[in-house]
Amino acid sequence: MEISVQLRPDVALALQDETVGAPEAEELRRRAEELGVELQPVHPGETDPLLAPYFYALAPDSEAQRIAAELAAFPGVEGAYVKPAAEPP
């Protein structure tokens with residue numbers, strides 16, 4: 001399942017550009033690895049503060065809710081939720 005994650009802009013930019021120093025970004029990257037997911041930007045390379053904060057992670061169906069809750073509680077994360085499955089109109 002896909003987990004949608006919104007980060008603080010400074011953390012998002014640091015995750016996208018490893019030359020930008022932000023301790024919370026490195027801690028978040030490590031925590032995501034511990035949870036078995038990788039945070040990927042929805043808009044890679046984007047620096048616009050309205051687009052850069054959006055990331056996603058793919059997780060097993062059975063673990064997605066737990067992982068989303070753990071990510072949501074992490075400093076620098078403004079929100080995380082399991083994206084509902086797409087349905088035809």
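## Sheet, helices and salt bridges in a predicted model

Setting aside neighbours within four places in sequence, Ser-4 contacts Phe-55, Gly-79, Ala-80, Tyr-81 and Lys-83. The model is a predicted one. Ser-4 belongs to strand S1, and with a relative accessibility of 14% it counts as buried, because the cut-off for buried is under 20%.

**The sheet**

Strand S1 is part of an open sheet of 4 strands, ordered S2-S3-S1-S4 and paired antiparallel. Strands S2 (40–41) and S4 are at the edges with a single partner strand each, so one side of each has no neighbour in the sheet. S1 and strand S3 (residues 54–58) run antiparallel and are joined by 5 bridges. One residue pair shows this register: Gln-6 has Tyr-54 as its bridge partner in S3.

Two helices are placed against this sheet. H1 lies across S1, S2, S3 and S4, and its direction makes an angle of about 115 degrees with S1. H3 lies across S1 and S4, running at about 175 degrees to S4.

**Helix H3 and its cover**

Which residues of helix H3 (residues 64–72) are buried? They are Ala-64, Ile-67, Ala-68 and Leu-71. Viewed down the axis of H3, these buried residues fall within an arc of 100 degrees, so they line one face of the helix. An α-helix has 3.6 residues a turn, so residues three or four places apart point the same way. The cover over the buried residues of H3 includes strand S1 (2–7), helix H2 (23–35) and strand S4 (77–82).

Leu-35, in helix H2, gives a view of the contact between H2 and H3 from the other side. Leu-35 is buried, with a relative accessible area of 10%. Not counting residues up to four places away in sequence, Leu-35 touches Arg-66, Ile-67, Glu-70 and Leu-71. Two of these contacts, Ile-67 and Leu-71, are among the buried residues of H3. Leu-35 and Gly-79 are 44 residues apart in sequence, and their C-alpha atoms are 17 Å apart in space.

**The nonpolar core**

In soluble globular proteins, nonpolar side chains tend to be buried together. Here the largest nonpolar core has 24 residues. The residues with the most contacts inside this core are Ile-3, Val-5, Leu-7, Leu-28, Leu-39 and Leu-71. At least two core residues come from each of S1, H1, H2, S3, H3 and S4.

Leu-28 can be followed through its contacts. With residues up to four places away in sequence not counted, Leu-28 touches Leu-7, Val-11, Leu-15, Leu-39, Leu-71, Phe-74 and Val-77. Among these, Leu-7, Leu-39 and Leu-71 are also listed with the most contacts inside the core.

**Salt bridges**

How many salt bridges does the structure hold? There are 9. Three of them are set out below, with the distance between the closest N and O atoms.

| Basic residue | Acidic residue | N to O distance |
|---|---|---|
| Arg-8 | Glu-24 | 2.4 Å |
| Arg-30 | Glu-26 | 3.7 Å |
| Arg-31 | Glu-34 | 2.9 Å |

What does the salt bridge between Arg-8 and Glu-24 tie together? Arg-8 lies in the loop between S1 and helix H1 (9–16), while Glu-24 lies in helix H2, so the pair links parts that are 16 residues apart in sequence. Both ends are partly exposed: Arg-8 has a relative accessibility of 28%, and Glu-24 has a relative accessible area of 24%.

The other two pairs are within helix H2. Arg-30 and Glu-26 are 4 residues apart in H2, so about one helical turn separates them. Arg-30 is partly exposed at 44% relative accessibility, and Glu-26 is partly exposed at 37%. Arg-31 and Glu-34 are 3 residues apart in H2, again a separation of about one helical turn. Arg-31 is partly exposed, with a relative accessible area of 25%, whereas Glu-34 is exposed at 58%, because the cut-off for exposed is over 50%.

The pair of Arg-31 and Glu-34 also belongs to a wider group: a network of salt bridges links Arg-31, Glu-34, Glu-63, Arg-66 and Glu-70. Arg-66 and Glu-70 of this network are also among the residues that the buried Leu-35 touches.

Note on methods
Residues are numbered from 1 along each chain as its sequence is written. This is a predicted model: local features need pLDDT of at least 70, side-chain atom pairs count only at pLDDT 80 or more; totals for chains, interfaces and linings use all residues. Side-chain values use heavy atoms; hydrogens and water are left out. Buried means under 20% relative accessible area, exposed over 50%, partly exposed in between (1.4 Å probe, protein chains only). The arc is that of the directions from the helix axis to the C-beta atoms. Contact means heavy atoms within 4.5 Å. A salt bridge is a side-chain nitrogen of Lys or Arg within 4 Å of a carboxyl oxygen of Asp or Glu. Two strands pair if DSSP finds at least two bridges between them. Axes are lines fitted to C-alpha atoms, for helices over the stretch in contact, and angles run from 0 to 180 degrees between N-to-C directions. A nonpolar core is a set of buried Ala, Val, Leu, Ile, Met, Phe, Trp, Tyr and Cys residues joined through side-chain atoms within 4.5 Å.
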